[in-house]
Amino acid sequence: VEVGKSAAPVAHAERRARGELKPALEQLGRIHASLARDPRRVVFLLDYDGTLSPIVEDPDQALLPERTRETLEALGKAFPTAIVSGRAVEKIRYFVGLDELIYAGSHGFDIRGPNGSPQRQLKHEVASEFRPALKSAAEKIRARVADVAGCSLEDNSVCFSVHYRRCAPEDVPFVSQAVEEVLTEFHQLRRTAGKCVFEVRPRIDWNKGKAVEWLLHALDLADDRSLPIYIGDDKTDEDAFRVLCGRGLSCLVASDSETLGVPSMDASDGDLATYADFRLRDPSEVRSFLESFLDARAQSTF
């Protein structure tokens, strides 16, 4: 395995079937050997829900396992490390509870540097002027779905989520229609879909991929002497996978059934294709992957 060397995104990156992805844990020896031969500055960019923390029925209970928190604490001391999440920065920072990490919340619309470090002034916010429209749209959608059991809205600061994981399957089309109809009044907003969630965000050219590019430049890690490693599990992470094609390494978190199964009712035909390089099955495998880099660093492998 020779990891990407380009300092810029591949112009025409191609997606591959999820089933073609090799298990990342089986490739660690080769990845580490490549870094030993050609040392590069490793930077980690990690999604939260479904990547570091297991997916749960109640999004407010997506707590970080203590062992994973310990791993992240050590990782943040050894390598530049950022959490790139759809959650609001304040909420994701509360869940993780580590000041030394960088947090890119609201799908990268709101980026904050580590507290108590020379990088403390690292801050970037996009599309804050859309907040009034987001608030108004959320209020209208909340009113439309008020009687739908299990449906909830989450304010993510510069976007919001409509969760339907706990809804009865027959109610999901109604929730989807409610979101679509309300958004016809807000042409400056758009809907995207994730795992049992509809995301409403500003209609501008910004996503997790753009946020990753901004972070790498802000940290002076955008050259070919750096190795960005992105790990995520959802559709929104594909934007980050794509910008790292040929210049970094990306891992999709997906179970065997998610890799080979049938897309859900809100999925597009391309949901079983990905820009990722490798696959990790679940958050426990993600933790093992991260710990391997800590072990290699402790042994001065690279």
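## Elements and model

Strands, labelled E, are DSSP runs of at least two residues, and helices, labelled H, are DSSP runs of at least four; both are numbered from the N terminus. The model described here is predicted.

## Loops with positive phi

Histidine 107 sits in the loop that links E5 and E6. Its phi is near 60°, a positive value in a residue that is not glycine. Most residues other than glycine have a negative phi. Histidine 107 has a relative accessible area of 2%, so it counts as buried.

Serine 157 also has a positive phi, near 75°, and is likewise a residue other than glycine. It is placed in the loop between E8 and E9. These two strands form a hairpin with four residues between them. A further positive phi, of about 60°, is taken by aspartate 220, just after helix H6.

## The four-stranded sheet

An open sheet is built from four strands in the order E8-E9-E11-E10, paired in the antiparallel sense. The edges are strand E8 (152-155) and strand E10 (189-194); each has a single partner strand, so one side of each has no neighbour in the sheet. From one strand to the next, the twist averages 20°.

Four bridges hold the antiparallel pair E8 and E9. Within this pair, leucine 153 has valine 162 of E9 as its bridge partner. At the other edge, E10 is joined to strand E11 (residues 197-202) by six bridges, again antiparallel. Here alanine 193 is bridged to phenylalanine 198 of E11.

Helix H4 (residues 131-144) lies across E8, strand E9 (160-163), E10 and E11. The angle between H4 and E9 is about 15°.

## Helix H6

Helix H6 spans residues 208-218, and its buried residues are Lys208, Gly209, Ala211, Val212, Leu215 and Leu216. These residues take up an arc of only 160° around the axis, which places them on the same side of H6. An α-helix has 3.6 residues a turn, so residues three or four places apart point the same way.

Which elements cover the buried residues of H6? The cover includes four strands listed with lower numbers, namely E3 (41-46), E4 (81-84), E5 (102-105) and E6 (110-112). It also includes strand E12 (226-232) and helix H7 (238-243). At the start of H6, the backbone nitrogen of glycine 209 has a side-chain oxygen of asparagine 207 within 2.8 Å.

## Strands E12 and E13

E12 and E13 run parallel and are joined by four bridges. In this pair, glycine 232 has leucine 252 of E13 as its bridge partner.

Strand E13 covers residues 249-253, and five of the five are buried, so the strand is largely enclosed by the rest of the structure. Leu249, Cys251 and Val253 point one way from E13, while Ser250 and Leu252 point the other way. Residues on both sides of the strand are buried.

## Cysteines

How many disulfides does a search of the whole structure find? The search returns zero. Cysteine 151 is in no disulfide, and the nearest cysteine sulfur, in cysteine 167, is 4.6 Å away. For a disulfide, the two sulfur atoms would have to be within 2.5 Å. Cysteine 151 has 15% relative accessibility and therefore counts as buried.

Why is cysteine 245 not bonded to cysteine 251? The sulfur of cysteine 251 is the closest cysteine sulfur to that of cysteine 245, but at 12 Å it is too far for a bond. Cysteine 245 is buried as well, with a relative accessible area of 10%.

## Helices H2 and H9

Is threonine 68, in helix H2 (residues 66-78), buried or exposed? Threonine 68 is buried, at a relative accessible area of 3%. Leaving out residues up to four places away in sequence, threonine 68 touches Leu52 and Arg287.

Alanine 298 belongs to helix H9 (residues 283-298). With a relative accessible area of 68%, alanine 298 is exposed. Its C-alpha atom is 9.4 Å from that of alanine 78, although the two residues are 220 residues apart along the chain.

Note on methods: Residues are numbered from 1 along each chain as its sequence is written. This is a predicted model: local features need pLDDT of at least 70, side-chain atom pairs count only at pLDDT 80 or more; totals for chains, interfaces and linings use all residues. Side-chain values use heavy atoms; hydrogens and water are left out. Buried means under 20% relative accessible area, exposed over 50%, partly exposed in between (1.4 Å probe, protein chains only). The arc is that of the directions from the helix axis to the C-beta atoms. Contact means heavy atoms within 4.5 Å. A polar contact is a pair of N or O atoms within 3.5 Å; within protein, one must be able to donate a hydrogen and the other to accept it, and residues adjacent in sequence count only if both atoms are side-chain atoms. Two strands pair if DSSP finds at least two bridges between them. Axes are lines fitted to C-alpha atoms, for helices over the stretch in contact, and angles run from 0 to 180 degrees between N-to-C directions.
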